[in-house]
Amino acid sequence: MAERDKDDLIRLIDENDPRDIEIPDRIPVLPVRDIVIFNDMVLPLFIGRDKSLKAVDEAMKKDRLVLLATQRDPLADDPGPREIYRVGTVCRILRILKLPDGHFKVLVHGIEKAKIQRFINCKTHYEVKLHVIKEEPPEKIELEHQALMRIVREHCEKILTIRGEYTGEIGILLGEINDPGKLADLVASNLKLKIEEAQGLLEIDDSMERLMEVNNYLTREVELSTVQAKIQSTVRDEISKNQRDYFLREQARAIHRELGDMDERSEDITEFMEKIRKARMPAQAQKECEKQLSRLEQMHPDSSEATIIRTYMDWLVELPWSKSTKDLIDIKAAKEVLDERHYGLAPVKDRILEYLSVRKLNPKKKGQILCFVGPPGVGKTSLGQAIATAMNRKFFRMSLGGIRDEAEIRGHRRTYIGSMPGRILQGLSQCKTNNPVFMMDEVDKIGVDFRGDPASALLEALDPEQNVGFVDHFVNMPFDLSKVLFILTANITDTIPYALLDRMEVIQLPGYTEEEKTAIAKKYLFPRQLLDNGLTEQDLSVSPTALERIITQYTSEAGLRNLERELAALCRKVARKIAEGKKGRFTISCGNLHKYLGPPKFIPELDQDDSQVGLATGLAWTQVGGEVLYIEVSLIDGKGELIITGQLGDVMQESARAAVTFARSRRKALGIEKKVFENTDIHIHVPAGAIPKDGPSAGISMTTALISALTDRPVDRLVAMTGEISLRGRILPIGGLREKSIGALRAGITTIIIPEKNKSDLMEIPKTVLKKVRFMPVSTIDEALEIAIGNGVFIAETGRKSSKKSVRKSAGKSKEAPGK
């Protein structure tokens with residue numbers, strides 16, 4: 001402010017001495033935002049609201065007095081009476097300036113504190129009746145009060161000194177104030193307080209109490225200012241130190257160059273140059289690496305950019321651009337490795353050996369992407385390890401389950417803090433070779449969200465035609481992945497995107513039979529658990545019958561994990577007994593098995609002693625192997641409705657409706673009166689209702705159970721069936737026959753009815769299953785009913801033998817039924 005303006009302001013204040021002004025009890029109110037006015041404050045205000053402009057006009061017409069009260073919500077444009085604090089300050093308008101936009105700039109001076117008693121006018125502007133709060137200075141200031149005033153002055157001087165704003169004039173001004181109330185108001189008006197805190201000070205009538213509260217805020221402000229000054233000082237010192245260190249380093253480097261020596265930084269640069277030379281990068285990568293090295297050499301070593309470049313170059317020189325292991329492919333040795341580590345799985349082993357044979361004859365052939373699909377615990381991962389051993393290659397495994405970020409595959413861009421390459425290049429860097437056996441587990445469990453689709457990112461990496469130039473976002477240069485042998489694993493293929501599945505050769509790994517599990521347990525699992533638990537064959541033995549019971553009654557799976565857990569539990573029980581001092585050889589038999597493993601956990605569901613009416617056994621394929629599925633049908637009096645329960649999916653519900661339609665179309669041949677369908681409700685139920693079920697292979701079992709209930713003839717309890725039915729009675733082919741047959745054998749089934757078109761799949765059925773289970777191919781439901789229920793089901797069409805004849809007659813009947 002210029003000296004002339006200061007003089008004018010002092011003159012205006014002197015001309016309007018508060019002692020000479022009489023404050024009326026009715027006065028206009030001017031609500032203000034974000035500020036609390038104290039006595040003796042002089043400040044400019046910008047007035048723009050209509051009510052505020054009219055309040056100023058009203059004050060200017062009378063005695064220039066207006067009450068300034070703070071509004072509770074600073075965002076409110078038209079605050080009501082309840083939104084304005086009751087205590088404010090009566091101010092005199094010293095100067096007013098009308099702006100071009102119609103608003104006012106007003107200079108006001110705080111005179112007296114006042115309290116609003118009631119609002120008189122709220123329409124055009126606020127006008128209130130008020131009570132002036134007179135505050136007389138104390139006649140005598142006690143010693144304690146003098147000490148408090150001195151502390152407040154010292155705190156003010158300390159804060160201003162820390163901020164570098166203290167002058168002698170301010171000290172004189174503070175020293176001349178002997179009124180505690182005026183000192184409190186002066187300090188409070190210059191503190192950066194919240195509106196609630198400042199208003200609380202204004203509403204304190206007792207001057208010493210108000211000064212004490214101001215002192216509390218000053219103490220807090222002193223601590224904050226001290227810490228702030230310390231932080232700023234530390235930052236300045238650090239900057240000065242960094243600059244000093246930089247100049248000293250540069251001087252040291254110059255001295256070393258003069259002496260012919262090398263400093264630490266030069267050694268790092270030289271080391272990087274040597275690593276670049278040894279990495280034998282492609283020309284593009286080497287050019288980029290040398291460019292980044294040149295940038296790093298010119299940067300300050302402690303700068304953030306230098307750290308990013310150093311990390312980037314560390315990854316570049318560590319990648320195996322040209323490092324490969326030499327393949328030692330011996331087909332006979334590879335077969336021995338596979339046979340040694342895996343029992344059975346002959347078709348899978350044959351395909352692996354064929355792959356290795358082609359690689360041996362044509363090493364430059366682009367690798368086929370293999371995908372092992374099968375239930376958990378059948379040995380998919382260990383097969384990949386066996387392939388790596390047979391080829392003399394490094395092995396790396398990564399899990400794709402739950403990955404939702406595309407950057408997990410392609411890497412992060414270097415602009416992000418903490419960025420790094422994707423997991424593919426990370427794996428190659430760990431293997432230190434560019435042709436490992438790279439296994440990606442759980443490809444069927446990849447997620448998708450807003451961060452991208454990892455499955456789509458895999459398309460480039462797993463495509464033999466494209467992965468020769470795979471570009472990771474972090475490296476940002478092509479890297480050759482064509483030498484990597486990628487092997488993927490999955491439990492199912494349904495959730496794998498088609499574009500990704502099309503790039504892979506799927507090799508199915510079905511579950512193990514009981515005989516295969518027994519052999520694997522004897523040869524692999526049991527010896528391994530003995531070794532893991534510190535036992536020997538002299539300490540524990542398991543009889544063959546006990547081992548078979550563990551497999552059939554304590555586990556129910558296609559793989560081997562639960563079987564190994566049960567064997568581990570046996571070994572732990574025996575290990576504890578030996579540790580407690582008991583001696584002797586422990587033998588596990590069927591008689592004492594329950595003492596170690598408890599009661600059986602899986603009793604076969606085929607628990608009916610006799611064959612039952614309306615109960616048929618179907619076969620289902622699940623992610624963990626084949627399972628039996630029981631179909632129950634009951635007939636109850638009703639109105640011909642179809643009731644379906646058991647949490648069946650849309651496909652199985654359609655199979656149930658198709659079964660009912662077929663039965664109604666053949667009612668004459670079945671000897672069923674028409675009124676039976678009109679007056680009877682058919683209830684089809686599949687037990688285990690809490691488990692969702694769906695699939696296109698339950699039609700034959702539903703039809704068999706329904707016709708059994710309608711004809712009151714039982715279904716053979718040892719017969720299971722799988723296949724879909726058409727409205728003409730034809731049996732349609734299905735999939736997963738191998739898994740279903742193994743599941744049926746586990747449940748004690750001796751005969752399985754299969755579609756005629758699935759006869760070719762019998763070649764894939766294990767020999768042990770073929771020896772114990774009889775497979776009956778059928779082409780029509782008539783043939784299936786003769787096997788499951790017996791001859792004479794169709795009273796009007798008995799004696800038919802030819803499946804082709806059956807198809808024609810059933811088709812003719814189904815055409816006639818609707819017409820009749």
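Biologist: Among contacts in the protein between residues at least 6 apart in sequence, what share joins residues at least 24 apart?
Modeller: In this predicted model, 73% of them do. A pair enters that count when heavy atoms lie within 4.5 Å.

Biologist: How many of the 820 residues are buried, as a percentage?
Modeller: Buried residues make up 46%. The accessible surface comes to about 43000 Å², and 51% of it belongs to carbon and sulfur atoms. The secondary structure amounts to 29 helices and 24 strands.

Biologist: What makes strand 5 (residues 104-121) count as enclosed?
Modeller: Of its 18 residues, 13 are buried, so strand 5 is largely enclosed by the rest of the structure. Each of those 13 falls under 20% relative accessible area, because that is what buried means.

Biologist: How do you know that strand 5 pairs with strand 4 (residues 87-98)?
Modeller: Pairing needs at least two bridges, and these two strands have 11, in the antiparallel sense. Gly88, for instance, has Ala114 in strand 5 as its bridge partner. The two strands form a hairpin with 5 residues between them, where Gly102 takes a positive phi near 90°.

Biologist: How many bridges join strand 5 to strand 2 (residues 42-47), and how many join it to strand 6 (residues 126-133)?
Modeller: Strand 2 and strand 5 run antiparallel and are joined by 6 bridges, with Pro44 opposite Leu107. Strand 5 and strand 6 also run antiparallel, with 7 bridges. A hairpin of 4 residues links strand 5 to strand 6. Across that pair, Phe119 stands opposite Val128 and Lys115 stands opposite His131.

Biologist: Why is strand 6 called enclosed?
Modeller: Because 6 of its 8 residues are buried, strand 6 is largely enclosed by the rest of the structure. Strand 1 (residues 26-32) pairs with strand 6 in the antiparallel sense over 4 bridges, against the minimum of two. Ile27 has Val128 in strand 6 as its bridge partner, and Phe119 stands opposite Val128 too.

Biologist: Is Ser189 buried, exposed or partly exposed, and what decides it?
Modeller: Its relative accessible area is 25%. Buried means under 20% and exposed means over 50%, so Ser189 is partly exposed. Ser189 is in helix 5 (residues 180-190). Leaving aside residues up to four places away in sequence, it touches Phe38 and Met41. The C-alpha atoms of Ser189 and Asp40 are separated by 9.5 Å, with their positions 149 residues apart along the chain.

Biologist: What makes the approach of Ser189 to Leu186 a polar contact?
Modeller: A polar atom of the Ser189 side chain lies 2.7 Å from the backbone oxygen of Leu186. The limit is 3.5 Å, so the distance meets it.

Biologist: How do you know whether Leu615 is buried or exposed?
Modeller: Its relative accessible area is 13%, which is under 20%, so Leu615 is buried. Leu615 lies in strand 16 (residues 615-622). Its C-alpha atom is 9.0 Å from that of Asp716, 101 residues away along the chain.

Biologist: Which residues make helix 26 (residues 737-746) count as mostly covered?
Modeller: The buried residues are Leu737, Arg738, Glu739, Lys740, Ser741, Ile742, Gly743, Ala744, Leu745 and Arg746. That is 10 of its 10 residues. Just after helix 26, Gly748 takes a positive phi of about 90°.

Biologist: Which residues touch the most other members of the largest nonpolar core?
Modeller: Trp321, Leu400, Met440, Leu481, Phe486, Leu488 and Leu500, in a core of 53 residues. Not counting residues up to four places away in sequence, Leu488 touches Ile369, Leu370, Cys371, Phe372, Met440, Val443, Leu462 and Met504. Another core, of 51 residues, lies apart from this one and includes Val348, Ala546, Leu547 and Tyr554.

Biologist: How many disulfides are there, and by what rule?
Modeller: The count is 0, the rule being a pair of cysteine sulfur atoms within 2.5 Å.

Biologist: Why is Cys431 called buried, and why Cys571?
Modeller: Cys431 has a relative accessible area of 7%, so it passes the test of being under 20%. Cys571 stands at 0%, so it counts as buried as well.

Technical notes: Residues are numbered from 1 along each chain as its sequence is written. This is a predicted model: local features need pLDDT of at least 70, side-chain atom pairs count only at pLDDT 80 or more; totals for chains, interfaces and linings use all residues. Side-chain values use heavy atoms; hydrogens and water are left out. A nonpolar core is a set of buried Ala, Val, Leu, Ile, Met, Phe, Trp, Tyr and Cys residues joined through side-chain atoms within 4.5 Å. Buried means under 20% relative accessible area, exposed over 50%, partly exposed in between (1.4 Å probe, protein chains only). Accessible areas come from the Shrake-Rupley method with a 1.4 Å probe; for residues, only the protein chains shown count as cover. A polar contact is a pair of N or O atoms within 3.5 Å; within protein, one must be able to donate a hydrogen and the other to accept it, and residues adjacent in sequence count only if both atoms are side-chain atoms.
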